[in-house]
Amino acid sequence: MAFWSSTSVFTSKVPRKILFMFTLSLSVTYLFYSLMSCYNSLQFPLQENYAYQGRLGFAEFTGAGGTTTAASAARERGEAGRGTVEWTRTQASPTRAAAAAAAAADRTTALERERQEFSTTDSDLRANCTSDYGEKKLPQAIIIGVKKGGTRALLEALRVHPDVRAVGNEPHFFDRNYEKGLDWYRDLMPSTLEGQITMEKTPSYFVTNHAPKRIHSMARDIKLIIVVRNPVTRAISDYTQTLSKKPEIPTFEVLAFKNRTLGLIDASWSALRIGIYALHLESWMQYFPLSQMHFVSGERLIVDPAGEMAKVQDFLGLKRIVTDKHFYFNKTKGFPCLKKPEDSSTPRCLGKSKGRTHPTIDSDVIRRLHKFYKPFNMMFYQMTGQNFEWELEDDSESRSSQD
Ligand SMILES: Nc1ncnc2c1ncn2[C@@H]1O[C@H](COP(=O)(O)OS(=O)(=O)O)[C@@H](OP(=O)(O)O)[C@H]1O
């Protein structure tokens, strides 16, 4: 009451013009401080990423809110939709589950404590201002292939890096959605701060005729990553995926040949055609120099993920932040999984559609396929200047398929 009455006294005595100017300057000051608070919190997530990788990872893993990175990661996972596999928690034994739950409770308390350290106003502002901090940019690097090479494992490991922001799903822009335009494509990307790299992965680009030209016309200096794997194993992996969706399809042995008696391989079958890497690479080399391409060995990505990641980070001009500390070999899964740093013992493995059990394939068919691919592989080694040593695997491949 007193306040209102003193205000009315104030308004009655002071000319309206001065009052208006006073109110305006107050509003401008308020706006300025709000923007400054936003600005400070805009800076924060990047530094936070470096300092609290473990905590951010935990928030992302448990789905607990509280950090922008966790929220946007969750959003990206949501967008990922069908066909996208994320690193997921592997089933733990009851004792391990109990230990993990206790550790999780500890971490939640720590997280809560950290959260309480921020004033309400501060965190509110952060939530409001950082929901779309940074800027959406077209990718500076793309994992263009190959299908079933290990592209998801690579992308998920790269996403651990604080300077990498990647769209979770496969945009298929340069093959299926090109007519939607670059603005549509850019809009799919997560926002990035200066110094962060925007990435995506769509393995089918590698075998798409128009893709090299289209990508070149978007960004001639783009960095291209290709994860390659023994084309015979890749073909079986590809077939295994199709089989899981359509159990009624003919056997691999039937599909692989035009005429089995004559030993005529059906190179038009996509599962086999994709593995003729030299052929596809030829089209990319018409648009991009080799220095803009990096080839990851799908086999080494499994046995030495940190080693392959070091090379990828160097290629992308990133600090080597993702190292052996981030990986854990999960015996149940039979693959490396992402370890949560420092305070967590719970790994994140890729989902069930990655690392499927392959059907047993006739060893004679495997041998013939190796023979078929050999000259193309040699050409590929020559073109890339890298020997992927797939020929050395011939024996073990035939042996394992007989098991
Ligand atoms: N860490 C880890 N965990 C699980 N799987 C791994 C991992 N690293 C590489 N791989 C291999 O990745 C193969 C799937 O490749 P992609 O992710 O490129 O497949 S896809 O094209 O996106 O469908 C998948 O092929 P399959 O084993 O045939 O399922 C795996 O062998």
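**Figure 1. Residues surrounding the ligand in the predicted model.** Seven nonpolar, six polar and five charged residues make up the shell around the ligand in this model, which is predicted. Of the 18 residues in this shell, Thr 151, Arg 152, Ala 153, Ser 237 and Phe 335 come nearest to the ligand. Several elements each supply at least two residues of the shell, namely helix H7 (151-158), helix H10 (231-245), helix H14 (298-303) and strand S12 (335-339). The largest share comes from H7, which contributes three residues.

**Figure 2. Lys 148 and the residues that it touches.** In an unreviewed UniProt entry, Lys 148 is listed under "active site", and in the model this residue lies in the loop between strand S3 (141-145) and H7. Lys 148 counts as buried because it has 25 C-beta neighbours inside 10 Å, and a residue needs 20 or more to be placed in that class. When residues up to four places away in sequence are not counted, Lys 148 touches Arg 229, Arg 234, Ser 237, Asp 238 and Gln 241. One of these contacts, Ser 237, is also listed among the residues that come nearest to the ligand.

**Figure 3. Strand S3 and the two strands paired with it.** Strand S3, which comes before the loop that holds Lys 148, is mostly covered, as five of its five residues are buried. S3 runs parallel to strand S6 (residues 197-201), to which it is joined by three bridges, and it also pairs in the parallel sense with strand S7 (residues 223-228), over four bridges. Ala 141 can be followed into both neighbouring strands, since its bridge partner in S6 is Met 199, while in S7 it stands opposite Lys 223.

**Figure 4. Asn 169 and Thr 202, separated in sequence.** Asn 169 is found in the loop between strand S4 (164-166) and helix H8 (181-188). With 19 other C-beta atoms within 10 Å, Asn 169 is partly exposed, because the buried class begins at 20. Although Asn 169 and Thr 202 are 33 residues apart in sequence, their C-alpha atoms are 8.4 Å apart in space.

**Figure 5. The whole protein, as a setting for the close-up views.** The protein has 17 helices and 13 strands, and buried residues make up 34% of its 403 residues. Among the contacts with a separation of 6 or more, 75% are accounted for by residues that are 24 or more positions apart.

Technical notes:
Residues are numbered from 1 along each chain as its sequence is written. This is a predicted model: local features need pLDDT of at least 70, side-chain atom pairs count only at pLDDT 80 or more; totals for chains, interfaces and linings use all residues. A residue is buried if 20 or more other C-beta atoms lie within 10 Å of its own, exposed if 12 or fewer, and partly exposed in between; C-beta atoms are placed from the backbone. Two residues are in contact if their C-beta atoms, placed from the backbone, lie within 7 Å. A residue is near a molecule or strand if its C-beta atom, placed from the backbone, lies within 6 Å of it. Ala, Val, Leu, Ile, Met, Phe, Trp, Tyr, Cys and Pro count as nonpolar, Asp, Glu, Lys and Arg as charged, and the others, Gly among them, as polar. UniProt positions are given in the numbering used here, feature names are shortened, and annotations may be inferred rather than shown by experiment. Two strands pair if DSSP finds at least two bridges between them.
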